[in-house]
Amino acid sequence: MLADALDDRDDQGRKWADARWGCYAFYDYDGEPIYVGQTNEQLRVRVQRHLTNQRTDAVAMRILDIFEVAEMELWPMWDFQGLIKKEVSKAVWVDALATLNSVEYTAYLKAIEESRFKAILNEKIPPVSPTTDLPASRRYPLITPGTRDERGHPDVRIARRAETIARLAAVAHERGEVSAGLRRVLVIQAVRLAYVAAVRLAYVEGRPEPDPSVIDVTGLVGSVLSEFSDPHGPTDQDELSDQVELEFEDGD
């Protein structure tokens, strides 16, 4: 189903996953948004790295548990399809990356708003950027209804999330010093575990499901709208410009 989604064509014959620039989001069995990302090297490549465990970093492989990914959404930025770094000025490239950041941050805010917990599993919050109109998107199922029923059982999800938390905690312990984002993801994943466990308890006791709003994620981790170290995003564009400067100096 992933292959079918990546090969899906629009009415102009374009495979949406072949867009070089764009953003993407992953959703779990409940339609809960769990991750948002961006790329300028092709949506197909970036999505496959996530969903086929081709990430080289152990943390990245464990933060997003591909077992829980049931759907994905793609926002291709076709206006940038022909934009190649070696063929444009630094100023044009910086502006393009700034637009990409705006699309990603807007998609991230959309995911936060749609989340029952008002938080998702991004280790790094996207750079604070002006919001913008999102490009047209398509959302794709990645598992069959039978697989959704089997993997979506609360007890299966409780066990899987507990295992994910244990693995993340082990990485943090082994490395000693990890990003604040990893610590934040540990808390958010623990909240997701606590909620599905509470839902299961309510079911066996014959009570209504608890309201997710009883869990105050912001009270636990602080704002999820920007990094604690960069609350207003003032350095994001500076860092972006510095990064592009180095890339052009290296001839990349």
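**Close-up views of a predicted model**

**View 1. D65 and R160, a pair from distant parts of the chain.** D65 is buried, with a relative accessible area of 9%. Everything shown here comes from a predicted model, so please read each close-up with that in mind. D65 forms a salt bridge with R160, and the closest N and O atoms of the two are 2.7 Å apart. This pair links distant parts of the chain: D65 sits in the loop between α3 (58-63) and β3 (71-76), while R160 belongs to helix α6, 95 residues away. How exposed is R160? R160 has a relative accessible area of 24% and is partly exposed. Buried means under 20%, so D65 at 9% meets that cut-off, whereas R160 at 24% does not.

**View 2. E71 and R139, a salt bridge between two strands.** Here E71 pairs with R139 in a salt bridge whose closest N and O atoms are 2.8 Å apart. E71 lies in strand β3 and R139 in strand β4 (residues 138-141), so the pair ties together parts that are 68 residues apart in sequence. Which side of the cut-offs does each partner fall on? E71 is buried, with a relative accessible area of 15%, and R139 is partly exposed at 38%.

**View 3. Salt bridges beyond the single pairs.** Searching the whole structure turns up 24 salt bridges. Side chains of opposite charge can pair when their charged atoms come close. Which residues are linked in a network of salt bridges? The network joins D28, D30, E32, E68, R116, R157, R161 and R192. Elsewhere, E205 forms a salt bridge with R207, with 2.8 Å between the closest N and O atoms. R207 is partly exposed, at 40% relative accessibility.

**View 4. The second largest pocket and its lining.** Rolling a probe the size of a water molecule over the atoms shows where empty space is left. The second largest pocket holds about 210 Å³ of space. Its lining is made up of D30, R116, G152, P154, R157, R161, Y195, V196, V199, R200, Y203 and E209. Which element gives the most to this lining? That is α7, with five residues. Both α6 (154-175) and α7 supply at least two residues each. By residue type, the lining divides into six charged, five nonpolar and one polar. This view also connects with View 3: D30, R116, R157 and R161 are among the lining residues, and these four also belong to the salt-bridge network.

**View 5. E209, a lining residue in a loop.** E209, one of the residues lining the second largest pocket, is found in the loop between α7 and α8 (217-221). Is E209 buried or exposed? At 56% relative accessibility, E209 counts as exposed. E209 and A198 are eleven residues apart along the chain, and their C-alpha atoms are separated by 7.7 Å.

**View 6. A nonpolar patch on the surface.** L201, Y203 and V204 come together here as a nonpolar surface patch, with about 350 Å² of accessible area between them. V204 lies in helix α7 (residues 180-205). With a relative accessible area of 59%, V204 is exposed; exposed means over 50%, which is why V204 carries that label. Y203 has a place in two views, as a member of this patch and as part of the lining of the second largest pocket.

**View 7. The loop between α4 and β4.** L134 has its place in the loop between α4 (90-114) and β4, and K118 lies in that loop too. L134 is partly exposed, at 26% relative accessibility. Although 59 residues separate L134 and W75 along the chain, their C-alpha atoms are 7.4 Å apart. K118 has a positive phi of about 55° without being a glycine. K118 also counts as partly exposed, at 38% relative accessibility.

**View 8. Q42, another positive phi.** Where is Q42 found? The residue occupies the loop between β2 (33-39) and α2 (43-51). Phi of Q42 is near 120°, a positive value in a residue other than glycine.

**View 9. The whole chain, for orientation.** The protein has nine helices and four strands. From the N terminus on, these elements run α-β-β-α-α-β-α-β-α-α-α-α-α. How much of the protein counts as buried? Of its 252 residues, 43% do.

Note on methods:
Residues numbered from 1 in each chain as written. Predicted model: local features only at pLDDT ≥ 70, side-chain atom pairs only at ≥ 80, totals over all residues. Heavy atoms only, no water. Patch = residues over 30% accessible without salt bridge, like charges linked within 9 Å, V, L, I, M, F, W, Y side chains within 5 Å. Areas by Shrake-Rupley, 256 points an atom, 1.4 Å probe, with all protein chains shown as cover. Salt bridge = Lys/Arg side-chain N within 4 Å of Asp/Glu carboxyl O. Buried < 20%, exposed > 50% of the residue type's maximum accessible area, 1.4 Å probe, protein only. 1 Å grid on protein atoms, 1.4 Å probe; cavity = no way out; pocket = protein on both sides within 12 Å on 5 of 7 lines; lining within 4 Å. Points joined across faces, edges and corners; volume = space filled by probe spheres on them. Nonpolar A, V, L, I, M, F, W, Y, C, P; charged D, E, K, R; others polar.
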